[in-house]
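User: I am new to this structure, so please take one part and look at it closely. I would like to begin with how strands are paired, and then hear about the nonpolar packing.

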Amino acid sequence: MKRLFRSRHGIRSDEEVLLFPTVARLSPDGSEWILPLRGWLFEPERNSLWRALTIEWTRRRLRLHRDVIRSDLFAARSRMFLVDNERGRQLHLHLAGHAATSSTSEANGHFHATLRLPRSAASPGDHLRVSTDPRARDGRRFKGDVLFPSAGAFGVISDIDDTIKVTGVLRPRRDILADTFSKPFEAFPGMVRAAAHMYARGASFFYVSTSPWQLYPGLEEWRRTSGLPPGEFHLRLFRVKDRSGASLFADPADFKRPVIEGILADFPSWTFVLSGDTTQQDPRIFADIAARHPGRIRDIWLHDTGRADPAAIRALFAATPDIPLHLHNGDWRDGAFA
């Protein structure tokens, strides 16, 4: 049973923290690194009656075999949907001898902070780790990656589902959800090679998806084992108990457009590759952003899932004829799409 009072600061022994990876940016005058940190504070649910009932309800709705919900994969994928989020808390975050205090965690357990480092504290291309307060009573320190862009960096803003991960988003929603909890994630090999090529040239990656944050641990593990470059994730906030529960069924453009605009604003001197697919609204979103930000978009990649009208898609980009548009099938050969 929960205690009625919890300290505003610190992490209790029954709580955990996820610190999400972030790409550092230089201040306008170039004297500081600015680190926009984000994280999630929660208490895992272990062997509770509520957890058991929720899993059984999910199994029935998705028509999963009982063996599936007993698997390690189902346990790992469902874990973050069953946590007890911690609200009204602040954490102290540390990196390279510098510290910041987070915002107060919201009802969904998410918090943010901005940590500033002198330019000399990190070099372009460094990967450092930010950590929670080392003075925690039980000695645990939760860590997250901070990626410092290479000199002359540019950005790749990439969708995930049906762009770099095999999903089939045009299938019935129940089938997609069933696969999400019961099958290993699969990457398009050609897109992994394309991403590696861009990363070797100095690209920083930003993964933008309408998937909920609860899937982040599984997506990050899949990213790492697939060989995709490290990068920031931008996923949807989802909480059954409030209005964000409806966000999974909202218009993808309402989420993706402001996220992409925000990334462009955070890195005003960079150019970007936009990578998506033809199954949702990526072509329309990308065309609008390219027209609104002349000189900022260097290439557009659209994975054609087989149901697109190439002429109609190319017509969307008539206002930006100088931007290369690659309408491809994901087959990346010798540094270019086949």
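Analyst: Two strands pair if DSSP finds at least two bridges between them, where strands (E, at least two residues) and helices (H or I, at least four) are DSSP runs numbered from the N terminus. This is a predicted model, in which local features need pLDDT of at least 70 and side-chain atom pairs pLDDT 80 or more, while totals for chains, interfaces and linings use all residues. Residues are numbered from 1 along each chain, and side-chain values use heavy atoms, without hydrogens or water.

The open sheet has 5 strands in the order β2-β10-β9-β6-β7, with mixed pairing. Its edges are β2 (22-23) and β7 (98-101), each of which has a single partner strand, so one side of each is left without a neighbour in the sheet. For β2, 2 bridges lead to β10 (residues 143-147), and these two strands run parallel; T22 has V146 of β10 as its bridge partner.

Turning to the packing, the largest nonpolar core (buried Ala, Val, Leu, Ile, Met, Phe, Trp, Tyr and Cys joined through side-chain atoms within 4.5 Å, buried meaning under 20% relative accessible area with a 1.4 Å probe, protein chains only) holds 32 residues, of which W40, L219, W222 and F233 touch the most other members. Among the elements that each supply at least two residues are β4 (32-43), α6 (216-226) and β13 (231-236), whereas α5 gives the most, with 5 residues. Leaving out residues up to four places away in sequence, L219 touches I160, K165, F185, S211, F233 and L235, contact meaning heavy atoms within 4.5 Å. A second, separate core of 28 residues includes V208, I260, L302 and L325.

Note on methods: Buried means under 20% relative accessible area, exposed over 50%, partly exposed in between (1.4 Å probe, protein chains only).
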